[in-house]
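Biologist: Could you walk me through this model and show how each label is earned?

Modeller: Gladly, let's take a look together.

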Amino acid sequence: MEESKEQILVKRLLKKEEAAWKELFGAYSGNLTYVCSRYISEREDVHDVLQNSFIKMFRSIESFEYRGAGSLKAWITRITVNESLKHIKQKGDFKSTVEVDELPDLPHEEEPDFEEIPKADIMEIIRTLPDGYRTVFNLYVFEQKSHKEIALLLGIAENSSASQFHRAKGLLVQKIKEFKMSKKAQYE
């Protein structure tokens, strides 16, 4: 059975070949920047987290176990998500944005209507969510974590995770309506 390009790249990475690391960076840095920017809004911070993620990959490549096509991408994405969460926690103000007692309740359970909105605009709208909302929303929607898993990852109560997600969805509904109205106004 012939080895895939990914398997060959992994073998080269394990040998710490500089060209292999450049190839990995070239192939995945765009996608990983996108992953980082789902969690972190400041561009300089995204750059720093991405750099830390590649350093972590380099230092821990020996622990990577190839499990089939896509496993390398999954591994480096998980490292990038973890480094993003680590950065958010180190900022120190994350805890205060996750506390829900002082936040007003959002009315009715309405789902965000993403129809007719380009993906880049959707991601930009998500990036405008407060840190706590954005982090929980991303972990729940994109990483498919349960509220129990999110609570453990972030050091918050499980019901706080669920509440943050609910409020993030409510805020997204509001922001999407505003976005659609602004686009509609442009064409009138």
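**Reading the labels**

Modeller: Let's start inside helix H7, where Asp-131, Gly-132, Tyr-133, Arg-134, Thr-135, Val-136, Phe-137, Asn-138 and Leu-139 are buried. Please keep in mind that this is a predicted model.

Biologist: What makes H7 largely enclosed by the rest of the structure?

Modeller: The count decides it: nine of the 11 residues of H7 are buried, so the helix is largely enclosed. Buried here means under 20% relative accessible area.

Biologist: How does the protein as a whole look, and how many helices and strands are there?

Modeller: There are nine helices and zero strands, and along the sequence the pattern reads α-α-α-α-α-α-α-α-α. Of the 188 residues in the protein, 40% are buried. The accessible surface comes to about 11,300 Å², with 53% of that belonging to carbon and sulfur atoms.

Biologist: What share of the contacts with a separation of 6 or more joins residues 24 or more positions apart?

Modeller: That share is 72%.

Biologist: Now to a single residue. Why is Leu-72 called buried?

Modeller: Its relative accessibility is 0%, and the cut-off for buried is under 20%. Leu-72 therefore counts as buried. This residue lies in helix H4, which covers residues 71-91.

Biologist: Which residues does Leu-72 touch, not counting those up to four places away in sequence?

Modeller: Leu-72 touches Glu-6, Leu-9, Val-10, Leu-13, Leu-24, Tyr-28 and Phe-64. Each of these contacts has heavy atoms within 4.5 Å. As for distance, the C-alpha atoms of Leu-72 and Gln-7 are 8.6 Å apart in space, with their positions 65 residues apart in sequence.

Biologist: Several of those partners belong to H1. Why is H1 called oblique to H4?

Modeller: Two packed helices are described by the angle between their axes and the distance between the axes. For H1 (residues 5-14) and H4, the axes come within 9 Å and cross at roughly 50 degrees. Angles under 35 degrees would count as roughly parallel, and 65 to 115 as roughly perpendicular. The crossing of roughly 50 degrees falls in neither range, so H1 is oblique to H4.

Biologist: Which residues make that contact, and how do they divide by class?

Modeller: H1 brings Glu-6, Leu-9, Val-10 and Leu-13, while H4 brings Ser-71, Leu-72 and Lys-73. By class, the contact has four nonpolar, one polar and two charged residues.

Biologist: What is in the largest nonpolar core?

Modeller: This core has 46 residues, and those with the most contacts inside it are Leu-13, Leu-24, Met-57, Leu-72, Trp-75 and Ile-76. The elements giving two or more residues to the core are H1, H2 (18-39), H3 (43-60), H4, H6 (119-127), H7 (131-141), H8 (147-154) and H9 (158-186). Helix H2 gives the most, with eight residues.

Biologist: What makes the backbone of Lys-16 worth a look?

Modeller: Lys-16 has a positive phi of about 60 degrees although it is not a glycine. This lysine sits in the loop between H1 and H2.

Biologist: Is Gln-144 buried or exposed, and how do you know?

Modeller: The relative accessibility of Gln-144 is 68%, and exposed means over 50%. Gln-144 therefore counts as exposed. Its place is the loop between H7 and H8, and its phi is near 55 degrees, a positive value in a residue other than glycine.

Biologist: And why is Lys-16 called partly exposed?

Modeller: Lys-16 has 30% relative accessibility. Partly exposed covers values between the 20% and 50% cut-offs, so Lys-16 counts as partly exposed.

Biologist: Let's finish in H9. What makes Leu-171 buried and Lys-180 partly exposed?

Modeller: Both lie in helix H9, Leu-171 as well as Lys-180. Leu-171 has a relative accessible area of 18%, and because buried means under 20%, Leu-171 is buried. Lys-180 has 27% relative accessibility, so Lys-180 counts as partly exposed.

Biologist: Where do these two residues of H9 meet other parts of the chain, C-alpha to C-alpha?

Modeller: Leu-171 and Leu-129 are 42 residues apart along the chain, and their C-alpha atoms are separated by 7.6 Å. For Lys-180 and Ile-117, 63 residues apart along the chain, the C-alpha separation is 8.1 Å.

Definitions and conventions:
Residues numbered from 1 in each chain as written. Predicted model: local features only at pLDDT ≥ 70, side-chain atom pairs only at ≥ 80, totals over all residues. Heavy atoms only, no water. Helix = DSSP H or I, 4+ residues; strand = E, 2+ residues; numbered from the N terminus. Buried < 20%, exposed > 50% of the residue type's maximum accessible area, 1.4 Å probe, protein only. Axes fitted to C-alpha atoms, helices over the stretch in contact; angles between N-to-C directions. Parallel < 35°, antiparallel > 145°, perpendicular 65-115°, else oblique. Nonpolar A, V, L, I, M, F, W, Y, C, P; charged D, E, K, R; others polar. Areas by Shrake-Rupley, 256 points an atom, 1.4 Å probe, with all protein chains shown as cover. Core = buried A, V, L, I, M, F, W, Y, C linked by side-chain atoms within 4.5 Å.
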